[in-house]
Amino acid sequence: MSATYTLEGRTGPWELVIGLEVHAQVVSNAKLFSGAATAFGAEPNTQVSFIDAGFPGMLPVINRECVAQAIRTGLGLNAQINLWSRFDRKNYFYADLPQGYQISQYAHPIVGKGAVEITLSDGTTKTIGITRLHLEQDAGKSLHDQHPTKTFVDLNRSGIALMEIVSEPDMRSPEEAGAYLAKLRQIMRYLGTCDGNMEEGSLRADVNVSVRRPGEGYRTRCEVKNINSIRFVMQAIEAEARRQIAVWEEGGEVEQETRLFDTGRGVTRSMRSKEEAHDYRYFPDPDLPPLVLDEAWVEELRRGLPELPDARKARYMRDFGLPAYDASVLVAEKETAAYYEEVARGRDPKLAANWVMGDLFAALNRTKRTIEDPPVSARDLGALLDLMKDGTLSGKLAKEVFEAMVETGKPPGAIVEERGLRQVTDTGAIEAAVSKVLAANADKVAEYKAGKDKLFGFFVGQVMKAMQGKANPALVNETLKRALG
Amino acid sequence: MHPTDFTLAGALAALEEGAISAVELTRAHLDAIEALNPRLNAFITVTAEQAMAAARESDARRARGEARPLEGIPLAVKDLFCTAGVRTTAASRILGNFVPPYESTVTAQLLRDGAVFLGKANLDEFAMGSSNLTSAFGPVENPWSRRDDPETKLVPGGSSGGSAAAVAARMALGATGTDTGGSIRQPAAFCGVVGIKPTYGRCSRFGIVAFASSLDQAGPFARTVEDCAILLRSMSGHDPKDSTSANVPVPDFAAACKRSVKGLRIGVPKEYRLDGMPAEIEALWRQGLDWLHAEGAETVEISLPHTKYALPTYYIVAPAEASSNLARYDGVRYGLRVEEKGDDLRTMYERTRAAGFGAEVKRRIMIGTYVLSAGYYEAYYLKAQKVRALIARDFDQAWEKVDAIVTPATPSAAFAMGEKTDDPVTMYLNDVFTVTANLAGLPGLAVPAGLDAQGLPLGLQVIGRAFDEETVFAVGAAIERAADFKALPRVRAGA
């Protein structure tokens, strides 16, 4: 258990209490209640049905795949799946809300209590409670910068399915909040229920923050809305906590309100106070009967779940003997894990891990490519490992071949052939080179024989140099030792 | 015989025999509209050209032996149903010149079956009213008038007043309506025609401008029970585009009209005997039960104890849903927009909705907004939902004892324009016999059964079990046969 994180105020230390409401866009081809497409980046208002645009007489019909995705996510969060849930209307007026209400599961969410485990940088773990997950529609987008006096509205997003995932106020530091959000993202990406793309707005967080003296109950919280990166979530929490500490320490009172994070200035500012809060007049949507799930279907979805990151990490540690850190790194993204597993299949898993985390990651950085589009395929990297194992390549040569693979995209066998990089295991050739080196360095041989053991490395280097680095190092060692008697 | 005097079934037979063509039938109805609509105002939009084109197409199909179930039948469509390419107003200024690019499921099914649409029938704005006086396109006049006072204009009832008046005055062989609290049955009774609100979920709501989603249901008007049955069959059926549409088979309703009522148990709810109910309504009710008794049905007194809470419950649930359903009329994407230079979004909303909605719609939006507000939701909306469940339970218990329930359709005959209009609550009382069927989701049919002392039609209502419209039609047809209602409105085609 790590020490409680505190922020030091003028009058002493303060603890933080943090809860997150995460809005995750469901991966599905169609919207939550209409058949319109959901692809990102389409021309404005090209993915809009009459339902999404709130036309007269249009009715919502639930998209079964979106429901399945919510259930999968709930199962991935070790949460209770509610076999009976219901859609309510959240009523408010805005130009990008065509129906004049958002359909959302306010009173009866599809997913109830659950939990996720986060790992912190000091290696400790902590369980964060999930309060609920519910399905709701996204609104459209108001574009205020297209015209000097008018606002343009893009309804492509209107009606897209979102999962709102609400945590318990279990987090106590920006790091924990960041780790929690990263973990949710990881789980949903494994499940394929949310692509987790924060730049495109597929994953956004509202952060509830309050501060308190150690040992106290909860004080008033503020909500910082609509943050779209893990880094900003962490920054916003600290900024908001510092603001609240200053208010309390000046003898003031923190007012419950909704705030926005100004990423440029690193401060939060007020959006609306509690008094200005909308009365959303929630009531059950009469266009939609309650959502009743068949238990057998939920079980079918459960059986179809992929291996999740925690289970995969445990397997890497147990079956592959990887250290916890390496296992965490490799499972962080499911694409990385898939890459690693392909390299490791039938090979030394530790060696595979070293190559993926070392040379491959370095190559990704250098070439600014991603694991989904790597400069060296998992298959080719595996082939490279095989060439080391069968003695074709030394470790040193293998690194050279790998760099050539990064540059050319060719498989290792081709590079070995083209460049003649095959390691020399011909003992005759090695013996000849050894004799030549020893003859040319008679003085050093004398020194060595007089007890200067360090010179052995020098002889190895000279032999390798003479053979353009292609000699099998073990054979060179062996031959030298024999020759030097 | 004048072509507008056909029943729908009679017209189908005449078309099949070649005694009349769809073009002649449609022309006769368009002529009737041209002659009578300036006075009655039953239509907001008349689509004469499309109707004639459709009629010609119908004649061609029939000639090819490809006649469909409603081939060539001219109908009026309540202007709450979206019709592709034809202006749909909901009788509100706020929809402006809205022309939907889509067709409601119910009207699409009627077109599929060969119906010819004459135009869009007037209604109370957004179907909110019992008089058709709240239409932004002016009131509809009832084709009937008082024997002693023929000059006083009467209301046709509402909200489907234009549909009922058009059928009564023989401007259409039938019409579509919608019924949220009595909006088919009350105008049917006021205009001396037949109308049925089927079971909730029987007809798709897709493409019908929503008033109160949990209560709205489409249904037909016609001049006979059988004609209504024929139309309802075309209008019914499961629609995957409406999540509340029921996936149940659609029976042959017309065949059910010929069923005997012998042995049926007819419930007479004692709570529907209101204090101060006109004696002629009471007498008509008794008469109707006697007719059914004479046909071999058994009458059984029943109790629906929560009836007295039905109107207040309805006037919480319906406005609550309406306040949300009408939020989309905001001037942003279609319909009316009223703005002045420099207006912010909120000001534009306020101007648009102030100018676009009439007084009754505003009243209901405000009531609905109020009952859903924080602090009032539990006391009003939630309580109303609980009472609604009790009202439904009353009926469930009744169905253990009876097969259908017969009540008056309305507490009075048609009233005059200007009467009952000062106090909205008096107006709301018109729905006292009809709202229960909406709250419980049950089918209810209004059939003309007699005249009051002033010669105005009075109707009886038949309520049935959910998805048992067949029994409702059988009982309605029995009343129709016994009543032998032959009276005609003063204003009508061919008169």
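# Two chains, seen part by part

In the model I am presenting, which is a predicted one, the centres of domain 1 of chain A and domain 2 of chain A, taken over C-alpha atoms, are separated by 37 Å. The domain assignment of chain A places domain 1 at residues 6-301, domain 2 at 307-419 and domain 3 at 427-484, and I would like to begin with how domain 1 and domain 2 meet.

How many residues of domain 1 of chain A are in contact with domain 2 of chain A? There are seven of them, and they are in contact with six residues of domain 2 of chain A. If we look for the elements of domain 1 that give two or more residues to this side, we find β6 (114-119) and α2 (174-191) of chain A, and of these α2(A) gives the most, with four residues. By class, the residues on the domain 1 side of this contact divide into two nonpolar, three polar and two charged.

Let me now step back to chain A as a whole, which has 15 helices and 16 strands. For a compact globule of 485 residues we would have a radius of gyration near 23 Å, but chain A has 30 Å, and the C-alpha trace of chain A spans about 95 × 55 × 55 Å along its principal axes. Buried residues make up 39% of the 485 residues in chain A, and among the contacts in this chain between residues at least 6 apart in sequence, 67% join residues at least 24 apart.

Now please turn to chain B, where there are 16 helices and 11 strands. With its 495 residues, a compact globule would have a radius of gyration near 23 Å, and the 21 Å of chain B agrees with that. The C-alpha trace of chain B spans about 65 × 55 × 50 Å along its principal axes, while buried residues make up 60% of the 495 residues. Among the contacts of chain B between residues at least 6 apart in sequence, 78% join residues at least 24 apart.

The two chains also touch one another, and this contact takes 24 residues from chain A and 32 residues from chain B. On the chain A side of it, the residues are 15 nonpolar, five polar and four charged.

Within chain B, I would like to follow the sheet, which is an open one of 11 strands with mixed pairing, in the order β1-β3-β2-β4-β6-β5-β10-β11-β9-β7-β8. Why is one side of β1 and of β8 of chain B left without a neighbour in the sheet? It is because β1 (43-46) and β8 (298-302) stand at the edges, where each has a single partner strand. From one strand to the next, the twist averages 30°.

As a reminder, strands of a sheet pair through backbone hydrogen bonds, either parallel or antiparallel. In chain B, strand β7 (residues 265-269) and strand β9 (residues 404-408) pair in the parallel sense over two bridges, and B:I266 has B:A404 in β9(B) as its bridge partner. Packed on the sheet is helix α2 (residues 22-40) of chain B, which touches β1, β2 (74-78) and β3 (116-121) of chain B, and whose direction makes about 20° with that of β3(B).

Another helix to look at is α4 (residues 105-112) of chain B, which is mostly covered, since six of its eight residues are buried. Those buried residues are B:T105, B:V106, B:T107, B:Q109, B:L110 and B:L111, and what covers them includes β2, β4 (174-178), β6 (218-222) and α7 (225-235) of chain B. After α4(B) comes B:G114, whose phi is positive, near 100°.

I will finish with a single residue, B:G476, whose place is in helix α16 (residues 469-483) of chain B. Is B:G476 buried or exposed? A residue counts as buried when 20 or more other C-beta atoms lie within 10 Å of its own, and B:G476 has 32 other C-beta atoms within 10 Å, so B:G476 is buried. Leaving aside residues up to four places away in sequence, B:G476 touches B:V225, B:L445, B:V447 and B:V462. In addition, B:G476 and B:E226 are 250 residues apart in sequence, and yet 9.4 Å apart in space, C-alpha to C-alpha.

Methods. Residues numbered from 1 in each chain as written. Chains lettered and ligands numbered in written order. Predicted model: local features only at pLDDT ≥ 70, side-chain atom pairs only at ≥ 80, totals over all residues. Nonpolar A, V, L, I, M, F, W, Y, C, P; charged D, E, K, R; others polar. Domains from an automatic or database assignment. Buried ≥ 20, exposed ≤ 12 C-beta atoms within 10 Å, placed from the backbone. Pairing = 2+ DSSP bridges. Axes fitted to C-alpha atoms, helices over the stretch in contact; angles between N-to-C directions. Rg over C-alpha atoms; globule rule 2.2 N^0.38 Å.
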